[in-house]
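Dear colleague,

Here is the structure I promised to pass on, with the sequence alongside. Please have it open while you read the notes underneath.

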Amino acid sequence: MTTQSLLFGGPAPIDAVHLPTHAVQLSKSELNQFFTPAWAAEALVEQFFSDLSSSDLVLEPSCGKGAFLQAIPAHVPALGVEIDPALAIEAARTTGREVITGDFCSVELPTGITAMIGNPPFELSLVERLLARAAPIIPMEGRCGFVMPAYFFQTHGTVERFRHQWEIQQQMIPRTLFPGLSKPLVFALFTRSTSRALFGFCLYDQAVQFDQLAQDAQRILTAVAPRRSSWHALVENVLAGFGGCASLQDIYQAVAPRRPTGNPWWKEQIRKVLQQHFTRTTTGDWCLPAAQAWRAWKIKGLRGDRCGLWSTFGAPCTLKRTPQ
Ligand SMILES: C[S@@+](CC[C@H](N)C(=O)[O-])C[C@H]1O[C@@H](n2cnc3c(N)ncnc32)[C@H](O)[C@@H]1O
């Protein structure tokens, strides 16, 4: 099944297009030939590229009939690339712009391109190759703005790959721009930057951090626990791991590789959690509330000779340890 038939939910047309001899013969459906309405291309250029000037050079990398090329103001230099020669001729004729016939992944491009705008085929691997091609060409702070299916951004793994060289912002646009399309669409703006900033995304950074945590830390953060922040749950787990009590330094050391967020004030965060929810012994150790410590002791037994500790919880030191 082709991308187009997946997206549009209907059978794909099978009429083949005449491609340059070096290109693979692909059907129009495989080339994702559905075209942006002129009014929408104009509105997107106006909203996201209103600062273009005569010193820019804009590339429409898969220009189709030329909707975006036509929408770029006449005083801004622009050119298109289109793999389908018939469409390339049509776009050049309609817009008066140069249109190179070929594959945007490999075609020779002029120097000085400062921006890319368009609606590339809805193939993730193709868009990744397009962005990889654009990254060394587009100057810092330069932009690529593309109509894309929202599912390109559905995992933090893909977004991580994209943001390697780009800051990304995205906004939803109506899928009804393309009659019959069944999947949500976005207009995504990729700005050349080392900031890796994301706009219009939520939880992506946290999902990356979560993946890096140890499995037991992931379990703690995943379980729904009543009235516990993730820091609270983590400190509690660390104390249980120490048999109920631990020094502040031991707690820092155990928490450090399992921090649930990138909070630079994490030690302060731990001290706050300790003060709010845990007990301090006369020797300066921090302990689970007695009942929890008792349970932790029963599960894990005590490590080392910390008999003194148990008086903190009211447990007699003569109690036999639970075998480990
Ligand atoms: C979704 S249509 C969009 C056309 C135009 N950008 C628009 O918005 O109306 C995608 C276009 O990319 C062309 N295309 C597909 N693969 C291409 C490639 N590798 N290089 C250049 N053009 C390609 C198709 O022939 C098709 O015209």
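The notes below go from the overall fold to the sheets, the cores and the surroundings of the ligand.

Please bear in mind throughout that this is a predicted model. The protein chain has 13 helices and 11 strands, and of its 324 residues 32% count as buried. Among the contacts between residues at least 6 apart in sequence, 61% join residues that are at least 24 apart.

The main sheet

Eight strands form an open sheet with mixed pairing, in the order S3-S2-S1-S4-S5-S7-S6-S8; strand S3 (98-101) and strand S8 (198-199) are its edge strands, each pairing on one side only. Helix H4 (residues 85-95) packs on this sheet, where it touches S2 and S3, and its direction makes about 175° with that of S3.

Strand S1 (residues 58-60) pairs in the parallel sense with strand S4 (residues 115-118) over 2 bridges, and also in the parallel sense with S2, there over 3 bridges. Leu-59 is a convenient residue to follow here, since Leu-59 stands opposite Met-116 in S4 and has Leu-79 as its bridge partner in S2. From Leu-79 one can step onward to Glu-98, its bridge partner in S3, S2 and S3 being parallel strands joined by 4 bridges.

S2 itself is largely enclosed by the rest of the structure, because 5 of its 5 residues are buried. In a regular strand the side chains alternate between the two faces of the sheet. Both faces of S2 are covered, with Ala-78, Gly-80 and Glu-82 buried on one side and Leu-79 and Val-81 buried on the other.

At the edge of the sheet, Leu-198 has its place in strand S8. Is Leu-198 buried or partly exposed? With 19 C-beta neighbours inside 10 Å, Leu-198 counts as partly exposed, because a residue needs 20 or more to be called buried. Leaving aside neighbours within four places in sequence, Leu-198 is in contact with Arg-163, Ile-168 and Tyr-204, while Trp-166, 32 residues away in sequence, lies 9.1 Å from Leu-198, C-alpha to C-alpha.

The second sheet

An open sheet of 3 strands has antiparallel pairing and the order S9-S11-S10. Strand S9 (245-246) and strand S10 (279-280) stand at its edges with a single partner strand each, so one side of each is left without a neighbour in the sheet. S9 and strand S11 (residues 286-287) pair in the antiparallel sense over 2 bridges, with Ala-246 standing opposite Trp-286.

The cores

In the largest nonpolar core, which has 42 residues, Val-45, Phe-68, Ile-72 and Cys-144 touch the most other members; strand S7 (residues 185-192) gives this core its largest share, 5 residues. Apart from it lies another core of 18 residues, including Ala-217, Val-238, Leu-239 and Ile-251. Beyond its neighbours within four places in sequence, Phe-68 is in contact with Thr-36, Ala-41, Val-45, Glu-60, Cys-63, Ile-117 and Gly-118.

The surroundings of the ligand

The ligand is surrounded by 23 residues, of which Phe-35, Thr-36, Ser-62, Gly-64 and Asn-119 are the closest. Helix H3 (67-71) and strand S2 (78-82) are the elements that give two or more residues to this shell, and by class the shell has 12 nonpolar, 7 polar and 4 charged residues.

With best wishes

Terms used:
Residues numbered from 1 in each chain as written. Predicted model: local features only at pLDDT ≥ 70, side-chain atom pairs only at ≥ 80, totals over all residues. Core = buried A, V, L, I, M, F, W, Y, C linked by C-beta atoms within 7 Å. Buried ≥ 20, exposed ≤ 12 C-beta atoms within 10 Å, placed from the backbone. Contact = placed C-beta atoms within 7 Å. Near = placed C-beta within 6 Å. Nonpolar A, V, L, I, M, F, W, Y, C, P; charged D, E, K, R; others polar. Pairing = 2+ DSSP bridges. Axes fitted to C-alpha atoms, helices over the stretch in contact; angles between N-to-C directions.
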